[in-house]
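Open the model in a viewer and keep the sequence panel beside it. The stops below say what to select and what is there.

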Amino acid sequence: MKCKNCGGVFSDELEKCPYCGTMNKRGAYKKYRQKIRDIIDRVFGLKAEAYNSISKLILMSILRGLVMIAIVIGLAFTFSRFMKVNYYNDPEYDQEALEDILWEEENLDKLNEAFENNDFETVNKLYYQNTHVVSKWPHYDAFCMRKEYQDVLKDFDYSYFSSYQLTDVLYFLYNPQYFCNPLRWTQDDWNEYEEDRQEILRLMQEKDYSEQELSEIYQTNADEYGYLSSSKLDKYLKEGN
Ligand SMILES: [Zn+2]
């Protein structure tokens, strides 16, 4: 283009005439718009950069968290495997397991037979030989209860109920759940238990205690732990006589 002031020829992209310095409106305007565009680009660039760095920060903290969790799980897994391997490699464990299997093969039938025949002496003997196996035996829960009151009845003095004996027997009769897990009892186990219970109650009735009386003694004398208080029972027996 041609300068209006000095007539010099120059590119219309220029802001001023390179010869006399007169302002070139078109060039100045173009330059101004370019500057505005640069500023807008820079603002958007900064925004994108900030967005990227924030996303990167969030991503990094998530990754760091995941890595930490993975490390913890890995350590726990390794530790548990290490412990397990040690346990199963323990020759004492092998020996114990082998003894259990051999004992079960030799004695389980005897145990079942003795239980069915009410031979509690034999069951008792086997019971203490191998508690590992016996605790998995299906009659274990029913037997541990019967064992408790059979042990008491064995030394029971039927000519006189001492308050101590009475306490024990009533305790077994009214609280089977304290000795074992009654949920594992079969219907047969419950029937046997009921038969035993009736037999013991019959013996008690011979001594002039009715079932209702006994349950009343039990209820009114039970302290907060459910045990019969022997001093209260003594008092009752004296007053009763
Ligand atoms: Zn000029």
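This is a predicted model. Begin with a pair of helices: select H2, residues 91–116, and helix H3, residues 120–129. H2 passes H3 in a left-handed crossing. Their axes come within 9 Å and cross at roughly 150°. An angle over 145 degrees counts as roughly antiparallel, so H2 is roughly antiparallel to H3.

Now show the side chains where the two helices meet. On the H2 side, select Trp103, Asn107, Lys110, Leu111, Ala114 and Phe115. On the H3 side, select Thr122, Val123, Leu126 and Gln129. Coloured by type, the residues of this contact come out as six nonpolar, three polar and one charged.

Stay on H2 and pick glutamate 99, which is found in that helix. Is glutamate 99 exposed, partly exposed or buried? It has 13 C-beta neighbours inside 10 Å and therefore counts as partly exposed. Draw a distance from its C-alpha atom to that of asparagine 130: the two are 9.2 Å apart in space, though 31 residues apart in sequence.

Next, clear the selection and bring up the largest nonpolar core, 12 residues in all. Select Leu111, Phe115, Val123, Ala142, Phe143, Met145, Tyr149, Val169, Leu170, Tyr171, Phe172 and Leu173. Which helices each supply at least two residues of this core? They are H2, helix H5 (140–154) and helix H6 (163–174). H6 gives the most, with five residues. Such grouping is a general tendency: in soluble globular proteins, nonpolar side chains tend to be buried together. Leu111, Phe115 and Val123 belong to this core, and they also take part in the contact of H2 with H3.

From the core, go to tryptophan 185, in the loop between H6 and helix H7 (187–206). Its C-alpha atom is 9.6 Å from that of phenylalanine 143, a residue 42 places away in sequence. Phenylalanine 143 is one of the core residues just selected. Leaving aside residues up to four places away in sequence, tryptophan 185 touches Asp141, Ala142 and Trp190. Tryptophan 185 counts as partly exposed because it has 19 C-beta neighbours inside 10 Å, and a buried residue needs 20 or more.

Move back along the sequence to helix H1, residues 25–89, and select arginine 26 there. Arginine 26 counts as exposed because it has 12 C-beta neighbours inside 10 Å. Add lysine 16, which is 10 residues from arginine 26 along the chain; their C-alpha atoms are separated by 9.7 Å.

Finally, select the whole protein chain and colour by secondary structure. How many helices and strands does the chain have? The chain comes to nine helices and zero strands, in the order α-α-α-α-α-α-α-α-α along the sequence. Of its 241 residues, 10% are buried. Among contacts between residues at least 6 apart in sequence, 44% join residues at least 24 apart.

Notes. Residues numbered from 1 in each chain as written. Predicted model: local features only at pLDDT ≥ 70, side-chain atom pairs only at ≥ 80, totals over all residues. Core = buried A, V, L, I, M, F, W, Y, C linked by C-beta atoms within 7 Å. Helix = DSSP H or I, 4+ residues; strand = E, 2+ residues; numbered from the N terminus. Axes fitted to C-alpha atoms, helices over the stretch in contact; angles between N-to-C directions. Parallel < 35°, antiparallel > 145°, perpendicular 65-115°, else oblique. Left-handed = near helix turned anticlockwise from the far one by under 90°. Contact = placed C-beta atoms within 7 Å. Nonpolar A, V, L, I, M, F, W, Y, C, P; charged D, E, K, R; others polar.
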